[in-house]
Amino acid sequence: MDVLQRIHRWLRRGGLLLDLHPEPEQPPVEVTLDGIRNVYLGRIDTTALIGNIHGARAALRSVVEAGWFERERAVVFDFVSHFPGVDEWLQHRDKRRSSSVVDRAIIVSARSALSAVTSGDLQVRERVLATRFKRGRGPRGAPRLP
Amino acid sequence: MTDPVDPEGNETRAIHDLVDFTDKDILEIGCGDGRLIWRYADFASSVLGIDSVESDIHQARTSTPEHLRSKVAFRTADAVAAEFASESFDVVILGRSI
């Protein structure tokens, strides 16, 4: 809440807040083999993150209800990451310090599927909610933050 | 290897559908290595990306395209503690950061 009120102060009149965060669900992992055949491997365990997502949504609802922001419009889109192999995927997860959990069975299945073809593409598909908020007037009588 | 993230451009279309970045002063909180900034900075007047992870900010600075160096800046900072003057920005972006 406090960060969102600080953002309100930093924004000019009529300014916009654009928030992006994943939908609270477990992203699927798939491989496309030789460009034609899709194989579903399982879902990434994002249980720990889902609590944060619900917390973020509650915080945004609170500042809207309090008059700090007005919710204007939202879109949901597929955010897809593509990797030529399992190692590239795991390196990407390390680089992003991902806190989600990948079941070992998914990694084993992916290695097996990709090793049997001449070209493969491993995909992680997240649905992401993007929401535009307009700076509101703020609650009447609210103290100004330092 | 090319950027494996969102080569379909779904995220780029979504953010441009929601916000007109043209000539705007923009603050991105939790900018990481600048990945999202490269998708709108061409249109903006100025962009400041902040992130609490020093190595990400270093990566963002070193990968800033030459033509954006005059209007894109990065700072290691946490939104909880950062200080900016009131009414400094037209747009604030929270990219997976609350």
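In the predicted model, B:Ile93 contacts residues of both chains: on chain A it touches A:Leu18 and A:Leu20, and on chain B it touches B:Phe21, B:Ile26, B:Leu27, B:Glu28, B:Ile29, B:Leu36 and B:Tyr40, with residues up to four places away in sequence not counted. B:Ile93 also ranks, together with A:Leu20 and B:Tyr40, among the residues with the most contacts inside the largest nonpolar core, which has 29 residues. Two or more residues of this core are supplied by each of β1 (11-22), β4 (69-83) and β5 (120-135) of chain A, and by each of α1 (10-18), α2 (54-62), β3 (72-76) and β4 (89-95) of chain B. A further core of 23 residues lies apart from this one; A:Leu11, A:Trp68, B:Val92 and B:Leu94 are among its members.

Helix α4 of chain A (residues 104-115) was examined next. Its 12 residues should span 16 Å at 1.5 Å a residue, and the C-alpha atoms at its ends are 17 Å apart, which agrees. Buried positions in α4(A) are A:Ile106, A:Ile107, A:Ala110, A:Ala113 and A:Leu114. Viewed down the helix axis, the buried residues of α4(A) fall within an arc of 135 degrees and therefore line one face of the helix. These buried residues pack against β2 (28-33), β3 (37-43), α3 (86-95) and β5 of chain A. On the face turned away from the buried side, α4(A) carries the exposed residues A:Arg104 and A:Ser115. The N-terminal end of α4(A) is capped by A:Asp103, a side-chain oxygen of which lies 2.7 Å from the backbone nitrogen of A:Ala105.

Key:
Residues numbered from 1 in each chain as written. Chains lettered and ligands numbered in written order. Predicted model: local features only at pLDDT ≥ 70, side-chain atom pairs only at ≥ 80, totals over all residues. Heavy atoms only, no water. Core = buried A, V, L, I, M, F, W, Y, C linked by side-chain atoms within 4.5 Å. Buried < 20%, exposed > 50% of the residue type's maximum accessible area, 1.4 Å probe, protein only. Helix = DSSP H or I, 4+ residues; strand = E, 2+ residues; numbered from the N terminus. Contact = heavy atoms within 4.5 Å. Expected span 1.5 Å × (residues − 1). Arc of directions from axis to C-beta. Polar contact = N/O pair within 3.5 Å; in protein donor to acceptor, adjacent residues only side chain to side chain.
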